[in-house]
Amino acid sequence: MVNELLMHTRRKELILVGLWFGKNKPNMNVFLGPFGFTQFNELYGFNQCLHPGECVKNPNKANSRDSGNIKYPLQNKVPKNRNIQDTIEHMRLASDSRKPVFGVKNPPQLINLISFPFLSGYGSDSMHLVSGIAKPFATMLYGNIKKGGLFPKTMILKIDIALINIKATHQIVRLTRSFTEKEFWKAREWENWTLFFNMPILSNVLPSHFVIHWALFVKAMYLLMKEEISTFELDFVDQLLHEFVSKTKFIYSKAAMTYNVHSLLHLASSVYHWGPLWAHNEFSFEYGNGDC
Ligand SMILES: [Zn+2]
């Protein structure tokens, strides 16, 4: 996507860099090779900071042989942000040892691009981020087909009734289906749920400390999708998201401290470099699925 184009042109004139044809999802390593960093589910998976990650067992599977997943709980000592000099040194060591060093696998091919800032040069994608936060939090609260949540499933009916009775404006093109069907919601339905529908509904069915905590995320996403965002607002968003992330472990659990949750700590900086979330998200690419 070429950022310099006007918005309506930018979405139509996408640059095709690869095609995947198959029944399964693509092997992302094929596409991630040029970036040189480990994936989100491996240690040191962030290209912004040196949070090592921690293997955390799901509390529901505490006694099983399941070894857990990499999570990013807040640490007593704030992990350092990556800097260019150290990262180049990590690349050199990784290249010599042929093993990842602090999450750096090899010198990224993008390092050869003149003027490309290979640490701040990756923007956050709000399509995956908003649904990647809203869906697991809804599951923790109300469960899914396989498991229960913190609150009884009888509440889902109340949410469904409230959702049906909301009259959405015509600007909301894809209406969100009933909450019972949330397993099948598309990313846009999760975004609409987050920005427009969930606060008036959840504030009537959840205890206030859950609502106040969730509102931090909703408010932050709303501000980051404004047409213009001031530096004052960006600082405010950064505070909101730090509060949201720091309280998540205490209100939910350590297992809730996912890659997506930690990435919120870097979101204000990403928007500072790349502009509002609507300006460069992957919805445009999603629309192109199946078009080739
Ligand atoms: Zn970080």
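## Exercises on a predicted model

M225 counts as partly exposed, because it has 18 C-beta neighbours inside 10 Å. The model is predicted. The exercises start from this residue.

### Exercise 1. Placing M225

Find where M225 lies, and list which residues it contacts beyond four places in sequence.

Solution.
- Step 1: locate the residue. M225 sits in the loop between α7 and α8.
- Step 2: classify its surroundings. A residue is buried at 20 or more other C-beta atoms within 10 Å and exposed at 12 or fewer. M225 has 18 C-beta neighbours inside 10 Å, so it counts as partly exposed.
- Step 3: look for partners. Leaving aside neighbours within four places in sequence, M225 is in contact with P276, L277 and W278.
- Step 4: take a distance. M225 and Q171 are 54 residues apart in sequence, and their C-alpha atoms are 15 Å apart in space.

### Exercise 2. The α7 and α8 pair

Determine how α7 and α8 cross, with which handedness, and which residues make the contact.

Solution.
- Step 1: fit the axes. Those of α7 and α8 come within 9 Å. They cross at roughly 145°.
- Step 2: assign the hand. The crossing of α7 and α8 is left-handed.
- Step 3: list the contact residues. Helix α7 supplies H209, F210, H213, L216, F217, K219, A220, L223 and L224. Helix α8 supplies E233, V237, L240, L241, E243, F244, K247 and I251.
- Step 4: sort them by type. The residues of this contact divide into eleven nonpolar, two polar and four charged.
- Step 5: inspect one member. F210 lies in helix α7. It counts as partly exposed, because it has 18 C-beta neighbours inside 10 Å. F210 and P107 are 103 residues apart in sequence and 43 Å apart in space, C-alpha to C-alpha.

### Exercise 3. The largest nonpolar core

State how many residues the largest nonpolar core has and which have the most contacts inside it. Then trace the elements that give two or more residues to it.

Solution.
- Step 1: count. The largest nonpolar core has 38 residues.
- Step 2: rank by contacts. F217, A220 and L241 have the most contacts inside this core.
- Step 3: map the core onto elements. Two or more residues come from each of α4 (126-142), α5 (154-164), α6 (187-205), α7 (208-224), α8 (231-251) and α10 (267-274).
- Step 4: follow A220 outward. Beyond four places in sequence, A220 is in contact with V237, L240 and L241.

### Exercise 4. A134 in α4

Decide whether A134 is buried or exposed, and give its distance from F217.

Solution.
- Step 1: locate. A134 is in helix α4.
- Step 2: count. A134 has 25 other C-beta atoms within 10 Å, so it is buried.
- Step 3: list partners. Not counting residues up to four places away in sequence, A134 touches W190, W193 and T194.
- Step 4: compare sequence and space. A134 and F217 are 83 residues apart along the chain. Their C-alpha atoms are separated by 9.3 Å.

### Exercise 5. Three loop residues

For Y44 and R98, give the sign of phi. For Y44, R98 and Q75, assign burial.

Solution.
- Step 1: take Y44. It lies in the loop between α2 and β1 (54-56). Its phi is positive, about 50°, although it is not a glycine. Y44 is buried, because 21 other C-beta atoms lie within 10 Å.
- Step 2: take R98. It lies in the loop between α3 (84-97) and α4. Its phi is also positive, about 60°, although it is not a glycine. R98 is exposed, because it has 8 other C-beta atoms within 10 Å.
- Step 3: take Q75. It lies in the loop between β2 (69-71) and α3. Q75 is exposed, because it has 10 other C-beta atoms within 10 Å. Q75 and G22 are 53 residues apart in sequence and 41 Å apart in space, C-alpha to C-alpha.

### Exercise 6. Confidence

Report the mean pLDDT of the protein chain, and find which elements have the lowest and highest means.

Solution.
- Step 1: take the chain. Its mean pLDDT is 87, and 90% of its residues reach 70 or more.
- Step 2: take the elements. Helix α2 (residues 28-32) has the lowest mean pLDDT, 67. Helix α7 has the highest, 98.

Conventions. Residues numbered from 1 in each chain as written. Predicted model: local features only at pLDDT ≥ 70, side-chain atom pairs only at ≥ 80, totals over all residues. Core = buried A, V, L, I, M, F, W, Y, C linked by C-beta atoms within 7 Å. Helix = DSSP H or I, 4+ residues; strand = E, 2+ residues; numbered from the N terminus. Contact = placed C-beta atoms within 7 Å. pLDDT = per-residue confidence, 0-100. Axes fitted to C-alpha atoms, helices over the stretch in contact; angles between N-to-C directions. Left-handed = near helix turned anticlockwise from the far one by under 90°. Nonpolar A, V, L, I, M, F, W, Y, C, P; charged D, E, K, R; others polar.
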